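Here are some notes on strand pairing. Please read them with the model open.

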Amino acid sequence: MNTYREQGTTLECSNGQETLRIEPWGPDAIRVRAALGPVLDGLPGALLDAPDAPDTTDTRVKIADGTAQLVNGMVTATVSEGGDFGQPVLRFSRSGTDEELVAEEPMHFWWPGPRLFTPTGNGYHRLEQRFRAYHDERLYGLGQHTHGLLDQKGAVLDLVQRNAEVSIPFLLSSRGYGLLWNNPAIGRVELAATGTRWVADSARQIDYWITAGSPADLLRRYADATGHAPMLPEWASGFWQCKLRYRTQSELLAVAREYQRRGLPLSVIVSDFFHWTHLGDWKFDPAEWPDPAELVAELGETGVKLAVSVWPSVSPLSENYREMAERGLLIGTEYGPPVHANWPDKGVDTDIGVAFYDATNPEAREFVWNRIRQNYLLPYGIDAWWLDACEPELRPGFQANLRYREGPGLEVGNLYPREHARAFYEGMCAEGRSEVISLVRSAWAGSQRYGAALWSGDIPADFGMLRAQVRAGLNVAISGLPWWTTDIGGFHGGDPEDPEFRELIVRWFQYGAFCPLFRLHGFREPRAPFGVGQTGGPNEVWSFGAEAYDCIRDMLLLRERLRPYVMDQMRVAHTEGLPPMRPVFVDFPEDGAAWDSDEEFMLGPSLLVAPVTGYRDRARRVYLPAGSRWTQAWTGEESDGGATITVAAPLNRIPLFLRDGARLPIADLAASDR
């Protein structure tokens with residue numbers, strides 16, 4: 001038998017050793033925690049502090065006849081007696097209609113129930129939480145992955161951070177609910193035909209949050225619960241130039257000057273890795289960057305920001321290593337010395353063992369930020385950060401051997417990228433800097449509140465990956481991160497002389513111009529061997545031949561004209577939590593076909609973007625959502641929604657459609673711009 005306790009608007013249920021706590025957590029949302037023994041407060045997670053007490057007209061608890069209910073606005077949680085397995089079972093429904101949103105489901109009629117606690121020692125358990133499967137359900141979000149799926153029903157995803165694989169455990173369902181697995185433990189989620197199962201390999205309690213509503217409502221509620229992104233700095237909405245890598249100050253300046261000579265828009269140029277003396281010194285090598293003040297000043301005269309690459313790893317050759325090790329600021333290990341990866345460094349002929357600082361330790365975050373402040377911000381005014389390798393990039397990736405300030409690696413490992421971005425956000429804010437953005441390679445739930453702009457990692461340079469990126473970016477948007485970008489052209493490879501790659505980079509530029517951030521990066525052919533002298537082939541917009549350059553230049557100028565519209569959408573993202581780039585179903589949830597549309601997207605409410613992702617494709621099919629009338633931006637031709645049409649897509653054009661008479665400066669290239 002269940003024992004129920006009503007504590008204000010919170011409902012607790014006990015059955016044997018297990019405690020189940022169900023409580024309102026923001027409008028139209030409920031948080032559930034389950035533990036063997038008492039429920040613990042203060043464990044690491046994504047949710048902000050408990051919101052204000054709910055309106056009792058929308059929130060109520062009812063206990064009667066062996067069942068209990070908690071109603072909070074649009075969502076109702078009903079607890080029923082367990083069967084032979086002896087656990088209470090939760091069912092979530094739409095308040096007022098009792099339409100089932102999602103329900104827990106026992107794993108077996110006898111044992112176990114919907115929740116399983118398998119001891120791993122010292123009060124930790126392997127946790128499993130199971131929900132019912134629905135054959136027609138579609139599931140979106142869950143971070144960024146290279147599998148090429150938008151709807152991830154049927155997928156099994158590791159809950160772990162890896163280069164190009166970003167774990168953010170929030171999913172949005174076509175059934176009208178959103179669910180956050182509020183647990184940074186290493187694990188997996190199985191979205192199977194027989195059930196959905198969340199697994200934490202070693203943690204102390206189950207914790208999840210659920211909300212109900214339209215897709216836009218779910219995204220707004222999720223932002224309220226985990227934090228809104230700051231307002232994007234206006235300069236960040238322009239074009240970012242990067243390659244692997246500019247080895248010297250003079251090399252980088254020559255590129256910036258060429259942009260100026262050609263009259264091309266440029267907002268940011270990046271100094272990539274190995275610009276430092278030693279890994280973990282966090283400062284320029286004067287042999288290669290003799291006068292950063294002069295560099296920043298010259299760039300600033302033309303309105304260009306210098307961004308610098310910052311890695312969280314520390315070489316034993318660094319001037320900071322001994323102090324950080326002695327003060328316990330590095331990630332600890334259960335076995336062996338605090339060495340987390342092998343990496344090249346200046347002054348040695350072979351890779352050496354390096355450590356990562358512990359970003360979950362406030363003292364370590366302060367130490368790293370103070371070095372950044374002293375070596376970049378104060379002397380040169382550099383305030384744009386590229387936080388590379390922030391998964392962290394472990395080699396090998398055994399979180400079980402790590403000890404963080406916040407807990408064992410298996411319990412808290414996914415927190416790292418968020419807390420690393422936090423160091424820079426809080427440091428900048430302490431300096432009175434209101435414009436904060438950090439380009440990051442990994443993220444977790446809540447990273448958006450610390451100014452994290454995710455890019456999609458070290459991906460291949462081919463058309464298949466371009467197609468996958470369209471879907472990956474949309475799932476990131478559903479996961480609560482409104483700032484996202486890719487390496488235009490892909491990262492690994494790409495020969496600037498190859499006709500297929502030249503077409504790929506044109507098509508990628510056309511896609512990239514409509515991403516939240518617009519950024520060129522890559523490790524082009526011919527590529528130097530991995531090491532401190534590493535660089536890649538040419539990767540500037542004029543590097544790919546005259547035809548490609550003309551097409552790319554048009555996209556640069558188009559992005560400039562659209563920046564006011566982009567910034568309007570960034571303001572909505574900041575205030576409401578609605579991402580600028582989003583799947584079509586967010587704006588057209590009543591159109592069943594929109595839920596299957598995975599090769600196009602909305603940029604704000606007015607612009608439908610249909611990237612071309614096939615080699616030599618010169619036309620493509622586009623679904624126009626029902627309920628609106630659509631105008632081809634290049635030709636002015638109009639079509640009713642609710643139909644799929646075929647449109648021309650010559651190499652110099654990406655299909656774009658304006659909604660219901662919207663006017664955006666797309667096709668009005670002046671003669672002087674051509």
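1. Start with one cross-strand pair. A77 stands opposite F92 in β8. The strands carrying this pairing are β7 (residues 75-80) and β8 (residues 89-94), which run antiparallel over six bridges. Two strands count as paired if DSSP finds at least two bridges between them. Strands are DSSP runs (E, at least two residues), numbered from the N terminus.

2. On provenance: this is a predicted model, where local features need pLDDT of at least 70 and side-chain atom pairs count only at pLDDT 80 or more, while totals for chains, interfaces and linings use all residues. Residues are numbered from 1 along each chain as its sequence is written, and side-chain values use heavy atoms, with hydrogens and water left out.

3. Now the sheet around that pair. It is open, has five strands and follows the order β5-β6-β7-β8-β9, with antiparallel pairing. Its edges are β5 (59-64) and β9 (99-103), each of which pairs on one side only. Neighbouring strands are turned by 20° against each other on average, direction ignored. The axes behind that angle are lines fitted to C-alpha atoms, and angles run from 0 to 180 degrees between N-to-C directions.

4. Next, a hairpin. Strands β37 (residues 629-632) and β38 (residues 638-640) are antiparallel and joined by three bridges. T631 has E638 in β38 as its bridge partner. Five residues lie between the two strands, and G636 in the turn has a positive phi of about 80°.

5. What else does β37 pair with? Strand β40 (residues 656-659), in the antiparallel sense and over three bridges. Here Q632 has F657 in β40 as its bridge partner.

Notes. Helices (H or I, at least four residues) and strands (E, at least two) are DSSP runs, numbered from the N terminus.
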